[in-house]
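Subject: Handing over the structure

Hi,

Here is the structure I promised to pass on to you. Please have a look at it first, and then read my notes underneath.

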Amino acid sequence: MQDYGEQAMMALNGDEAVAWAVKQSNVDVVAAYPITPQTIIVEKISEFIHNGEVDLEFVKVESEHSALSASWGAALAGARAFTATAANGLALMWEILYIVASTRTPVVMTVANRALSAPINIHNDHSDSMGARDSGWIQIYSEDAQEAYDNTIMAFRIAEEAMLPVMITLDGFTISHTLQNVSVLPDEAISNFVGIREIPRIKLPEIHGEKEVPLMLNPKYPVSIGPLDLYDYYFEHKVQQNEAMKASIPVIEKAHKEYGEISGRSYEPVHMIPYRTEDADVVILGLSSAMSVVKKVVDQLREDGKKVGAIRLRVFRPFPADIIRKELSGLTAVGVLDRSLSFGAEGGPVALEVRSALYSSLSKPAVYNYIYGLGGRELSPKLIAKAFNELLEVKVEPENPTVKYLGVRE
Amino acid sequence: MATQSVWRPNIKELARRELKTRPVESGHRLCAGCGAGIIIRQIAMAARKSIVWINATGCVEVATTIFPYTSWNVPWAHNAFENAAAVASGVEAARKKLSRVGRFANDPDVELDYDIVVLGGDGGTYDIGIQSISGAFERRHKFMYVLYDNEAYMNTGIQRSGGTPFGARTTTTPVGKVIKGKPLFKKPIMDIIVAHQIPYAATISSAYWNDAIAKLRKGFEADGPAFIHAFSTCPLGWGSAPEDTVKIMRLAVETCVFPLYEVTNREYRLTGPSISIAKNPARKKPIEEYLKLQGRFRHMFKPENKWMIDKFQGWIDKQWEALLKRAGY
Amino acid sequence: MSTPMIGWKEVPIAAVPFLSSKEYPTGEWAVFQPKINESKCIKCGLCWMYCPDSVYRWDGEGVPVPDLGHCKGCGICVAECPTKAIELIRV
């Protein structure tokens, strides 16, 4: 393996870390619109461009809807394309999220997770990206600034090999605006890891004979992208797309393995990272930065002899149901943290998925769902300890509510 | 500024080239007599080199690419209704970057030397798409946006748009007992576009094919964004005979309902028959001649609704006078 | 015409169409189709120019030839022909 020399330890907030990843990943086109708490990403990229530190086209669009539309156009024209947004910006992109995914266009997007309006709130929760969970994007949630950097770099590899768009999230403000130590690899290491965007070739049965054609807006091989597709073929295309999501699992694993080789950070096992779960009776599972606090509480409770552990889910789409089932079966109880609501549903999005994955298990634990942190509300160690203690004493009774709010005033 | 060519379309050469390249193939499912079918061919005829075609949602989009069929032998992409100009912005940015670094210089399978054309209907342009067009024009992306204006949401079943003219019957401006057709006038889309101070904007009527194709070529050649407002007869939505499509395109110009002009760097110039009408106002035909061929205006010919024709004519006269002033008459 | 009913493993990625619409016989829509009186034709090409369906094949020299397999019979060519060399015939 090539020796690229030392990684540079830099004090960066999460947004800056993402901008560094974009700068190093041979990105050709960025199209983005400002929205808190993502804005630092595009400011930093602009700074890199204006200082001549990176050669890319930044399309400063007039809306997020256009940001994703321009990213799509750029990617189809052969570019590696990146965009970033948050909250209402992601909501404005909704229509195009599905189109980018179903045309199998490898756009990479960072979402600095922020609460959705109304009331307007600029702070962190996961209602934005969770709302987009069915749109066909791979979703990877980052715990800290380092991981936001690493995930963004890997995202380009994953997107282009799986031919699916990838959404990397980081918690708004908590991570996006907080200075942390971030190990930044040398430019050459990242450049070699991601390479230059290659154009995928697809097989078209008749127009060009047996030759595979580049899936690109290219006068040499004209293709039509985005047709009308009726009841005679639409279903087949959707199943194919869903199968592509499943097929992206080994692609995600491979990117992590290879990235681990150059960075020393492979985040294994990539889909969900267990913490002190070996002999645990009770586990709290959740996403992103809150899990740093949960792990600290696990340490404290372990000192008191309590058999507790934590699992940080990283890859939410495609959802690692098999792995979840394997990891959680046999436990007494699982507390699932959700930083968003699915209004009117029996729990938050993560809990719904976890419960569903466990249903076919013969030794399923009790699953309790804790909704926390909406609109940036703090999740204190005390609240987490309270949840753990509840789970340790859990009695599965029909009248016992399985969905609870953590840290809300009655 | 880019030097604009003195290229003039030669019908025989255009025919030979189309025969060879067939940019828009037969077998699409636009209605018989659809004006847009003529417009899309004329756009392709005007190309100076390879083109990449971005299409907003609309009749042309659904009728030409019904999976597994496509009518396009040029690279073609459709994303959504309101964002074709944003998509084109991304294509243009990509082409710029990839060309600059010579990305595909040694790849015989990829060509980057192309012009970008965007096609949108009146819904996609006057209404839902105006934001992305305005943004793209402000950013000075080099592509030509062609509006094929059939004056209503025809693809969804003839609902009124910002481009629907006064008095017209649509399914959301029916001719009722109290309100008869659309009570409002057409949005002045050209004025809005010209306010963006883009290098080239023009109106075309396919009936005047020489004028239309020459302007489309200028649009391709413009040094920045270009906008072409193409008048597009819709037999289904307008209640006109399919064979009258070109005749109506001609009458729209002759009555000054749709004057022909171009705006190069904010300078207005009349073209084609609009020049002779400006010089000899007696040649300006009354709008009845245009209206009477279309079922959507039929109610205006009832004696009790005659005021509608007068009101429409008054508005047309004012628009025309304002244009004459701008064009130096 | 029938289209190949291929399954999800075979359909092209991203739903890229793989057949030319020239395989789709829109000529079946027509009730009337044009017939050119070659002796009257002055080879001006306007029938070719104004056809919304790219139906006329014209080499720029001879008499344009309509592809009746795709002609929908709109009659624009008949209306626009300066010498009235085209008439519509019931199919």
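Below is what I found, starting with the two chains together and then moving into chain A.

Please keep in mind that this is a predicted model.

**Where the chains meet**

A good place to begin is the interface. There, 48 residues of chain A are in contact with 47 residues of chain B. Together the two chains bury about 3,700 Å² between them, and carbon and sulfur atoms give 59% of that area. Which residues of chain B lose the most area to chain A? They are Phe67(B), Asn79(B) and Asp109(B), which together account for 18% of what that side buries.

There are charged pairs across the interface too: the count between chain B and chain A is seven salt bridges. If you would like to look at a salt bridge on screen, try Arg103(B) with Asp28(A), where the closest N and O atoms are 2.8 Å apart.

**A helix pair across the interface**

Next, find helix H3 of chain A (residues 64-76) and helix H4 of chain B (residues 84-100). Their axes are 6 Å apart and the helices pack at an angle of about 45 degrees, so H3(A) and H4(B) are oblique to each other. The crossing of H3(A) and H4(B) is right-handed. On the H3(A) side, the contact involves Ser66(A), Ser69(A), Ala70(A), Trp72(A), Gly73(A) and Ala74(A). Facing them in H4(B) are Ala86(B), Val87(B), Gly90(B), Val91(B) and Ala94(B). By class, this contact of H3(A) with H4(B) has seven nonpolar and four polar residues, with no charged ones.

**Helix H1 of chain A and its two partners**

Within chain A, helix H1 (residues 14-24) is worth following, as it packs against H2(A) and also against H7(A).

Take H2(A) (residues 39-50) to begin with. The axes of H1(A) and H2(A) come within 8 Å and cross at roughly 45 degrees, which means that H1(A) is oblique to H2(A). This crossing is right-handed. From H1(A), the contact includes Val18(A), Trp20(A) and Val22(A), among others; from H2(A), the residues include Ile41(A), Ile45(A) and Phe48(A). The residues of the contact of H1(A) with H2(A) divide into eight nonpolar, one polar and four charged.

How do the axes of H1(A) and H7(A) cross, and at roughly what angle? They come within 8 Å and cross at roughly 25 degrees. Angles under 35 degrees count as roughly parallel, so H1(A) is roughly parallel to H7(A). The crossing of H1(A) and H7(A) is right-handed. Here Gly14(A), Ala17(A), Val18(A), Trp20(A), Ala21(A), Val22(A) and Gln24(A) of H1(A) meet Ala145(A), Ala148(A), Tyr149(A), Thr152(A) and Ile153(A) of H7(A). The contact of H1(A) with H7(A) has nine nonpolar, three polar and no charged residues.

**Backbone details in the loops of chain A**

Finally, here are a few spots to check along the backbone:

- Ser117(A) and Ala118(A) are joined by a cis peptide bond, with omega about 0 degrees. Ala118(A) is in the loop between strand E5 (108-113) and helix H6 (127-131).
- Arg317(A) and Pro318(A) are also joined by a cis peptide bond, again with omega about 0 degrees. Pro318(A) lies in the loop between strand E15 (315-317) and helix H11 (321-328).
- Met163(A) is not a glycine, yet has a positive phi of about 55 degrees. Met163(A) lies in the loop between helix H7 (145-162) and strand E7 (166-171).

Happy exploring, and best wishes!

Terms used. Residues are numbered from 1 along each chain as its sequence is written. Chains are lettered from A and ligands numbered from 1 in the order in which they are written. This is a predicted model: local features need pLDDT of at least 70, side-chain atom pairs count only at pLDDT 80 or more; totals for chains, interfaces and linings use all residues. Side-chain values use heavy atoms; hydrogens and water are left out. Axes are lines fitted to C-alpha atoms, for helices over the stretch in contact, and angles run from 0 to 180 degrees between N-to-C directions. Helices (H or I, at least four residues) and strands (E, at least two) are DSSP runs, numbered from the N terminus. Angles under 35 degrees count as roughly parallel, over 145 as roughly antiparallel, 65 to 115 as roughly perpendicular and the rest as oblique. A crossing is left-handed if the near helix is turned anticlockwise from the far one by less than a right angle, and right-handed if clockwise. Contact means heavy atoms within 4.5 Å. Ala, Val, Leu, Ile, Met, Phe, Trp, Tyr, Cys and Pro count as nonpolar, Asp, Glu, Lys and Arg as charged, and the others, Gly among them, as polar. Buried area is the accessible area (1.4 Å probe) that two parts lose on being put together, summed over both. A salt bridge is a side-chain nitrogen of Lys or Arg within 4 Å of a carboxyl oxygen of Asp or Glu.
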